Amino acid sequence: MQRLQDRVAVITGAGSGIGLATARRFAQEGAKVVVADLDEEAGAKAAAEVGGLFVKADVANEDDVTRMYRTAFEEFGSVDIAFNNAGISPPDDDSILETGLDAWRRVQEVNLTSVYLCCKHVIPYMQRQGKGSIINTASFVAVMGSATSQISYTASKGGVLAMSRELGVQFAREGIRVNALCPGPVDTPLLRELFAKDPERAQRRLVHVPIGRFARAEEIAAAVAFLASDDASFITASEFLVDGGISGA
Ligand code: NAD
């Protein structure tokens with residue numbers, strides 16, 4: 001019997017990076033995976049690879065989010081795990097003095113409002129089941145700020161962390177665990193895109209990682225699989241840091 005045998009997992013942003021690595025890991029551990037992404041090509045490819053179901057969804061759009069969970073439920077009969085992971089990187093110059101209101105709002109919509117929408121619409125399924133595990137992707141910057149000046153991004157991830165704690169406490173007695181995943185820098189397209197624009201930023205970031213390298217997406221996926229599983233049955237409302245020691249330094 002595998003750890004996630006027959007659990008139904010909905011992963012947002014599963015077409016790339018951390019989401020894709022987690023879709024692979026969940027499938028290996030026996031889960032039925034719903035791959036949700038805005039990018040149709042990447043999402044369909046990921047779903048085909050893991051033998052899952054693709055749902056095209058913009059996580060900032062409430063109709064898309066409700067359709068995403070309805071589709072998962074109609075297809076598989078439950079929604080046991082929600083990995084609310086889709087997110088975007090900060091605008092080019094995300095210092096508070098430079099970030100415009102439109103860019104700020106877009107980051108909050110995709111990174112924070114999306115998590116509100118996903119939790120709001122998945123919790124009723126989990127309440128009916130009397131169990132569920134929600135993992136929301138925050139970031140180490142939510143815990144300690146950022147050395148690279150990214151105010152809209154850091155604020156959005158701080159909101160994800162606070163919301164996860166609140167919901168974890170609120171729904172603990174109903175068997176629903178809610179945790180915030182706080183990765184350190186992970187070698188994914190999101191990070192590579194950021195560093196391609198500003199190579200010095202990569203160096204500045206790297207010196208802060210005690211382990212001395214960026215994470216592989218698979219290392220983050222391993223932590224998500226743990227949080228999703230019954231091995232983490234006493235873990236809720238936590239900030240789960242997988243950051244190579246950054247926050248401890
Ligand atoms: P990525 O760019 O590799 O993948 C993100 C995926 O989300 C893409 O497939 C993209 O199409 C999808 N997406 C973007 N906007 C969407 C929307 N509105 N609706 C649905 N899907 C959408 O990024 P990643 O590095 O794997 O990041 C995943 C999460 O991890 C993000 O929330 C990110 O903020 C967070 N994170 C990343 C790092 C890092 O260093 N890579 C560190 C900490 C936290």
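## The ligand's pocket

The ligand takes up the space of the largest pocket in this predicted model. Which elements give two or more residues to the shell around the ligand? They are α1 (17–28), α6 (151–170) and α7 (189–197). Of the elements, α7 gives the most, with three residues.

In total, 29 residues surround the ligand. Ser16, Asp37, Tyr153, Val186 and Thr188 are the closest. If you sort the shell by residue type, you get 15 nonpolar residues, 10 polar ones and four charged ones.

## Polar contacts with the ligand

Let's look at some individual atoms. Asp37, already listed with the closest residues, has a polar side-chain atom 2.6 Å from an oxygen atom of the ligand. Asp58 also brings in a polar side-chain atom, here 2.9 Å from a nitrogen atom of the ligand. With Asn85 it's the backbone that takes part: one of its polar backbone atoms is 2.8 Å from an oxygen atom of the ligand.

How much of the ligand does the protein bury? On its own, the ligand would expose 830 Å², and the protein buries 92% of that.

## Two residues with a positive phi

Now for the backbone. Most residues other than glycine have a negative phi. Asp6 isn't a glycine, yet its phi is positive, at about 60°. You'll find Asp6 in the segment before β1 (8–12). Is Asp6 buried or exposed? Neither, quite: its relative accessibility is 45%, so Asp6 counts as partly exposed, a class that runs between 20% and 50%.

Ala237 is another residue that isn't a glycine but has a positive phi of about 60°. Its place is the loop between α9 (217–228) and β7 (239–242). With a relative accessible area of 18%, Ala237 is buried, because the cut-off for that class is under 20%.

## Two loop residues, Leu97 and Ser78

Where does Leu97 sit? It belongs to the loop between β4 (81–84) and α4 (101–129). Leu97 has a relative accessible area of 78%, so it's exposed; that class takes in values over 50%. Along the chain, Leu97 and Ile151 are 54 residues apart, while their C-alpha atoms are separated by 9.4 Å. Ile151 carries the number at which α6 (151–170) begins.

Ser78 is in a loop too, the one between α3 (62–76) and β4. Ser78 has a relative accessibility of 13%, so it counts as buried. Pair Ser78 with Glu49 and you get 29 residues along the chain, with 22 Å between the C-alpha atoms.

## Arg106 in a helix

To finish, here's a helix residue. Arg106 is part of α4, the helix that spans 101–129. What is the relative accessible area of Arg106? It comes to 37%, so Arg106 is partly exposed.

Asp39 makes a pair with Arg106 that you can look up in the structure: the two are 67 residues apart in sequence and 17 Å apart in space, going from C-alpha to C-alpha.

Definitions and conventions
Residues are numbered from 1 along each chain as its sequence is written. This is a predicted model: local features need pLDDT of at least 70, side-chain atom pairs count only at pLDDT 80 or more; totals for chains, interfaces and linings use all residues. Side-chain values use heavy atoms; hydrogens and water are left out. Helices (H or I, at least four residues) and strands (E, at least two) are DSSP runs, numbered from the N terminus. Buried means under 20% relative accessible area, exposed over 50%, partly exposed in between (1.4 Å probe, protein chains only). A residue is near a molecule or strand if one of its heavy atoms lies within 4 Å of it. A polar contact is a pair of N or O atoms within 3.5 Å; within protein, one must be able to donate a hydrogen and the other to accept it, and residues adjacent in sequence count only if both atoms are side-chain atoms. Accessible areas come from the Shrake-Rupley method with a 1.4 Å probe; for residues, only the protein chains shown count as cover. On a 1 Å grid over the protein atoms alone, a cavity is a set of points where a 1.4 Å probe fits but cannot get out, and a pocket is an open set with protein on both sides within 12 Å along at least five of seven lines; lining residues have an atom within 4 Å of a point. A molecule sits in a cavity or pocket if more than half of its atoms lie within 2 Å of its grid points. Ala, Val, Leu, Ile, Met, Phe, Trp, Tyr, Cys and Pro count as nonpolar, Asp, Glu, Lys and Arg as charged, and the others, Gly among them, as polar.
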